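Please work through the exercises below with the sequence and the coordinates open beside you. Each task is followed by a solution that proceeds step by step.

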Amino acid sequence: MEKEQQYKKMLITVNGKPVGREIWIDKITYAPVFLDELAVKPAGSDAEAAVS
């Protein structure tokens, strides 16, 4: 039996041309799914490193 896929890939386009990159969302909650650790790091960490 095949396992149902939990996520759906979205790609936003304008006039058929991609804008940005693809987004993976949960099929139930429609919340974005972050596949790599870089996407979920705190926003303040870059700003603090630049000031130091």
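The exercises go from the whole chain to single residues, and they rest on a predicted model.

**Exercise 1.** Determine how many helices and strands the chain has, and in which order the elements run from the N terminus.

*Solution.* Begin with the count, which gives 1 helix and 4 strands in the chain. Next, follow the elements from the N terminus on, and the order reads β-β-β-β-α.

**Exercise 2.** Describe the chain by its burial, its exposed area and its contacts, stating what percentage of the residues count as buried.

*Solution.* Taking burial as the starting point, one finds that 2% of the 52 residues of the chain count as buried. Turning to the surface, the chain exposes about 5,100 Å², and carbon and sulfur atoms supply 58% of this area. As the last step, consider the contacts with a separation of 6 or more, of which 3% are accounted for by residues 24 or more positions apart.

**Exercise 3.** Locate K9, classify it as buried, partly exposed or exposed, and list what it touches beyond its sequence neighbours.

*Solution.* K9 is placed in strand β1, which covers residues 7-10. Its relative accessibility is 48%, and because partly exposed is the class between 20% and 50%, K9 counts as partly exposed. When residues up to four places away in sequence are set aside, K9 touches E22, I23 and W24. For one of these, E22, which is 13 residues from K9 along the chain, the two C-alpha atoms are separated by 6.6 Å.

**Exercise 4.** Which residues make the nonpolar surface patch of about 400 Å², and where in the chain do M10 and I23 lie?

*Solution.* The patch is made by M10, I12, V14, V19 and I23. Of these residues, M10 is found in strand β1, whereas I23 has its place in strand β4, residues 23-26. A residue needs over 30% relative accessible area to belong to a patch; M10, with 36%, is partly exposed, and I23, at 34%, likewise counts as partly exposed.

**Exercise 5.** Work out how I23 is placed relative to M10, and name the residues that I23 touches when those up to four places away in sequence are not counted.

*Solution.* Along the chain, I23 and M10 are 13 residues apart, while their C-alpha atoms are separated by 5.1 Å. With residues up to four places away left out, I23 touches K8, K9, M10 and I12. Among them, M10 and I12 also help to make the nonpolar patch together with I23.

Definitions and conventions: Residues numbered from 1 in each chain as written. Predicted model: local features only at pLDDT ≥ 70, side-chain atom pairs only at ≥ 80, totals over all residues. Heavy atoms only, no water. Helix = DSSP H or I, 4+ residues; strand = E, 2+ residues; numbered from the N terminus. Buried < 20%, exposed > 50% of the residue type's maximum accessible area, 1.4 Å probe, protein only. Contact = heavy atoms within 4.5 Å. Areas by Shrake-Rupley, 256 points an atom, 1.4 Å probe, with all protein chains shown as cover. Patch = residues over 30% accessible without salt bridge, like charges linked within 9 Å, V, L, I, M, F, W, Y side chains within 5 Å. Salt bridge = Lys/Arg side-chain N within 4 Å of Asp/Glu carboxyl O.
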